[in-house]
Each structure stands twice: as structure tokens, then as C-alpha cells.
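Grab a pencil and keep the 3D view open while you work. Below are a few exercises, each with a solution that goes step by step.

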Amino acid sequence: MSDTDTDTDTGAGSHDPTSLRTPIVAVLGHVDHGKTSLLDKIRGSAVIEGEAGAITQHIGATAVPLDVVSSIAGDLVNPDDFDLPGLLFIDTPGHHSFTTLRSRGGALADIAILVVDVNDGFQPQTLEALDILKRSQTPFIVAANKIDTVPGWNPNEDSPINATYEAQSDRVSSRLDESLYEIIGNLSDEDFSADLYWRVQNFQRNVGVVPVSAMTGEGVPDLLAVMMGLSQRYMKEEMEIDVQGPGVGTVLEVKEEKGFGTTIDIVLYDGTIKADDQIVVGGMNKPIVTDVRALLQPRPLAEIRTESRFEKVDEISAASGIKVAAPELADAMAGAPVRVVRNRELDEVVEEVEAELADIAVDTEEQGVVVKADTLGSLEAMADALGEAEVPIVRAEVGDVAPRDISVASTAEEPKQRAILGFNVETLADAEQRAETEDVTVFTDEVIYQLIEEYEEYVDELERAQQ
Ligand code: GDP
């Protein structure tokens, strides 16, 4: 690893343009299983353990540098064994933000933590998360959460991933739904990329399960150590970036911000973005070419009383989250690519963004249902799930259910296709009225799985009625 690397110049990569970025970590799992608490615990521990200012403030993500990971994880993480600079946690938990965060050809997150409440086992959103992880080939670790509620669990026994782990893990497993092990046991390395087939030492199952309590913090050091260790071992090459090169990222959210107009929150996963860069952003109809007006980061809490919640920065390098203020962003789409043009031909960059948008675009057919979703990534996930359910799609777009969607659905030849499936979107009031008069059925839900189930039940009913 870093034995020969004595000058320890791992920071800004000032001589060598190639640097290692932090792996990007997303947290998934069923509602109430503890995703937010776990993220809060990790951030909280980082604040306690780190020197002032050690964890960098980002938009949409929290960077926990290696030295802070190491002080939280103690003996489990010796900083000398690592040259990855730490971990970047996406702040918004849930598969929704996970699917939004896509990068060239896949998920933006390099690693996921699948949080499962030991008392509740696998629930619909756990299964959905697993499905998404599998499809995007994202390696993950199961955080078996709320172990503080398991009778007989002894937090004073050695670290869960040490030798005593198995004895303790029996207690966890007895509390977990049997299906957890059935599902996990049945996942093979073919479901993931072979190199990223993760196995926690001393734990004989295919996917690492780390017992944790987001409440007491137990197991958090182990979780961090496992993630750091596996990233270092299996992901180092993927973390190599041209740090000075033009930035490449993904839009996380499009937001109005007082004093700045429409802004985009982005996660940068390669290169650098500077305050005077020209950028190309994926838009509703075509790529948007614009100039950065300001790069914004949250101000330290103590300073917020003054003016804006944000402070301007001159530049930022991957991996990081940043807010970009620029003109013309109204049509930007969550989940769309962002590229810095610097030193490159504008046409070439525009073409790349077009190609990436085309690559994400859902294949539609002459006849089928209308699909709406809030982000490009969730649209893609919907299309995949509908493909599996053999439901054809006539139109797939980002945005709320609008009157023109009703018009499209109302032209369907088959009654079962006079339907709109909206994932994480609203139905506009005038669309609702129109749906009634045009006899179009609108389904909306926040769980893909349930949305498709509802639609299938509806189709079954229609078919029964026809017989
Ligand atoms: P999310 O919906 O997955 O983000 O779940 P939350 O983080 O909001 O947690 C849901 C509930 O479970 C909250 O009331 C938390 O306080 C509680 N909770 C989360 N983690 C733990 C844990 O490790 N132990 C216990 N006892 N409660 C927890």
C-alpha cells in the first residue's frame, strides 16, 4: 500500500494529476429501519472525533476524511494502511436519492449500506433496494440495525467483526427474518461484479452483515472499518481521477435559492469545477450550456445569522457535493449529467451530455402506459421494473402528471393502457379532472414495487370484468 509513499503528499495531488477520490457511499433500506439515525450517528461521531473543521461541509453529502474515520474506528483502521482519502456519505438516505445519483453507465454511489431493522427483517423497500443494488451492480454491506434492542446482546464483547462475532451474530440472525439469510445467501458473485463480491472475515455468508446500533453507536466503527477496508482493497483503481481535469458530476436536485435563482445541487465524481467555468447540464429538452455564476457551500452554523446560508468557493474537486448557481437552469433535471467544458471543445461536451441522456432515455413503444417520475434515475428504475413485469411504455418523462399525459393515455387502444404510473410525483389538479372525464386511471406511489402491484391488480380486475 503506502509503504514507499514516504512524502505522504496524498492531499491535493499537486504534482501528479492523478489522485484518489473518496468512495461515495449511499444508505438504503426500508422506512423507519434507521437510515437517517445511522447517517446522523456517523456524522455526529465524526464531529466529536474530528478536529474542528475536520469534516467538510458539502451540499448533499458529508465528507469524512481518513483521519476521522480512523479516530472513530480506533484499532480497526490504521491510516498508514490506506491511501483512499476517506468516505463521502450522501446525506439523503433512501433508494430514491440512490437512483437519482447515476453516473456514466450506472450508479454514482460506489458502495451502499443496506440498513435492516433486526426486529423487522426484510420489508418491501428493503427488497426494492436489493433489486436496485443488484441491477446497478453496486456492492453493499448490510447494517443489521437496532441491535441494542436484542435481548442478550452484549456490547462489551469484542468487536462484532472479531472472533466473538459469530457467537453474537447468531443472536442477531435469530432476530432477523429468515428471509434475510435466504435472500443474501442466494446472491452470488454473478449478481455483482466478481471483484466486488464482498465477504466479511469470520462471517461465512456472501454479503457482509455488520450488527450496529444507530442509537448507541455500537458497530459504527466496524461498519466504517469494513467499508474503508473493502474500498481500499477492491475499489482503489476506480477511485483514480484526474483531479485538475474538467469536472464531471450528476444533478442531485434543482432548487430555487433566494438571491441566486435556480440552482443545481450536484455531486462531482471526477475533476474540478471552478467558479468561472462554462458547464453543460442535461435539460428537459436539450443540454443547457451556461456559465457558473457561483459555487456555493453551506456556511458554518455559527455564521449563518449573517446574510446567506451559503458561502462562495473558487473551486472544488471530486468527490464532493456543491451547489452551482448559473443562469438558464430552470429546465435542468435531477439525475442528469453535468460537465465542465474547460480546455475542451464545447460541441464535444454537448455531444457527450446528449449521448448520456440518450443512454438513460427509456425505450417507448407504439402502445403502452404513461410513466412519470421525479428524476431520470427513478424513471429508469421504473422502466426496468415495468420491463420485467412485461408492461409496455408509450411515454416516459420526468415531472408531475400533467394534462398532456392524460391526453396521451386517453388514446390507448386497450383499456388497461389508459393508465398513468407516477413514481414520487404529484398529479396536477387540472390533470386530475381531465383524467376523470377522459377515463384514464392515475396511479401514484413512493415505492416502485407497490406502484406496479397496484397497477397489476387493476389489470387483473379489468380482465375479470371482461370475462
Ligand atoms: P429511516 O426512516 O430509515 O431514516 O429511520 P430513522 O432513522 O428515522 O429511525 C426510525 C426510528 O427508529 C426512530 O424513532 C429512531 O429513533 C429509531 N432507531 C433508529 N436506529 C435505532 C437503533 O439503533 N436502536 C433503537 N432502539 N432505535 C433506533
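**Exercise 1: the ligand**

An oxygen atom of the ligand is 3.2 Å from a polar backbone atom of Met215. Before going on, a word on the model: it is predicted, so local features need pLDDT of at least 70 and side-chain atom pairs count only at pLDDT 80 or more, while totals for chains, interfaces and linings use all residues. Residues are numbered from 1 along each chain as its sequence is written, and side-chain values use heavy atoms, with hydrogens and water left out.

Task: find which other residues make polar contacts with the ligand, and describe the shell around it.

Step 1. Get the rule straight: a polar contact is a pair of N or O atoms within 3.5 Å (within protein, one must be able to donate a hydrogen and the other to accept it, and residues adjacent in sequence count only if both atoms are side-chain atoms).

Step 2. Look at Lys35: one of its polar backbone atoms sits 2.8 Å from a ligand oxygen. With Asn145, the side chain takes part instead, with an N or O atom 3.1 Å from an oxygen of the ligand.

Step 3. Check the cover. On its own the ligand exposes 580 Å², and the protein buries 71% of that (areas come from the Shrake-Rupley method with a 1.4 Å probe; for residues, only the protein chains shown count as cover).

Step 4. Collect the shell, where a residue is near if one of its heavy atoms lies within 4 Å of the ligand. There are 15 residues around the ligand, and Asp32, Lys35, Thr36, Ser37 and Asp148 come nearest.

Step 5. Sort them: three are nonpolar, eight polar and four charged. Here Ala, Val, Leu, Ile, Met, Phe, Trp, Tyr, Cys and Pro count as nonpolar, Asp, Glu, Lys and Arg as charged, and the others, Gly among them, as polar.

Step 6. Which helix gives the most to the shell? That's α1 (residues 35–49), with three residues. Helices (H or I, at least four residues) and strands (E, at least two) are DSSP runs, numbered from the N terminus.

**Exercise 2: the sheet of four strands**

Task: work out the strand order, the edges and the helices packed on this sheet.

Step 1. Trace the open sheet, and you'll get β23-β22-β24-β25 with parallel pairing. Two strands pair if DSSP finds at least two bridges between them.

Step 2. Spot the edges: β23 (393–398) and β25 (441–445) each pair on one side only.

Step 3. Zoom in on β24 (residues 419–423), which pairs with β25 in the parallel sense over five bridges. Phe423 has Asp445 in β25 as its bridge partner.

Step 4. Add the helices, with contact meaning heavy atoms within 4.5 Å. Helix α10 (residues 403–410) touches β22 (369–373), β23, β24 and β25, and its direction makes about 170° with that of β23. Helix α12 (residues 448–466) touches β22, β24 and β25, at about 155° to the direction of β25. For these angles, axes are lines fitted to C-alpha atoms (for helices over the stretch in contact), and angles run from 0 to 180 degrees between N-to-C directions.

**Exercise 3: the sheet of eight strands**

Task: do the same for the antiparallel sheet.

Step 1. Read off the order of this open sheet: β16-β15-β21-β12-β13-β20-β17-β18. Its edge strands are β16 (288–291) and β18 (310–313), and the twist averages 40° from one strand to the next.

Step 2. Start at β18, which pairs with β17 (residues 294–298) over four bridges. Leu296 is matched there with Lys312 of β18.

Step 3. Now go to β16. Four bridges join it to β15, and the two strands form a hairpin with six residues between them. Val280 stands opposite Val289 in β16.

Step 4. Follow β15 to β21, an antiparallel pair joined by three bridges. The partner of Val281 in β21 is Val338.

**Exercise 4: two backbone oddities**

Task: find a cis peptide bond and a positive phi.

Step 1. Check the bond from Ala318 to Ala319: it's cis, with omega near -10°. Ala319 lies in the loop between β19 (315–317) and β20 (320–325).

Step 2. Look at Lys146, a residue other than glycine with phi near 70°. Lys146 is in the loop between β9 (140–145) and α5 (165–175).
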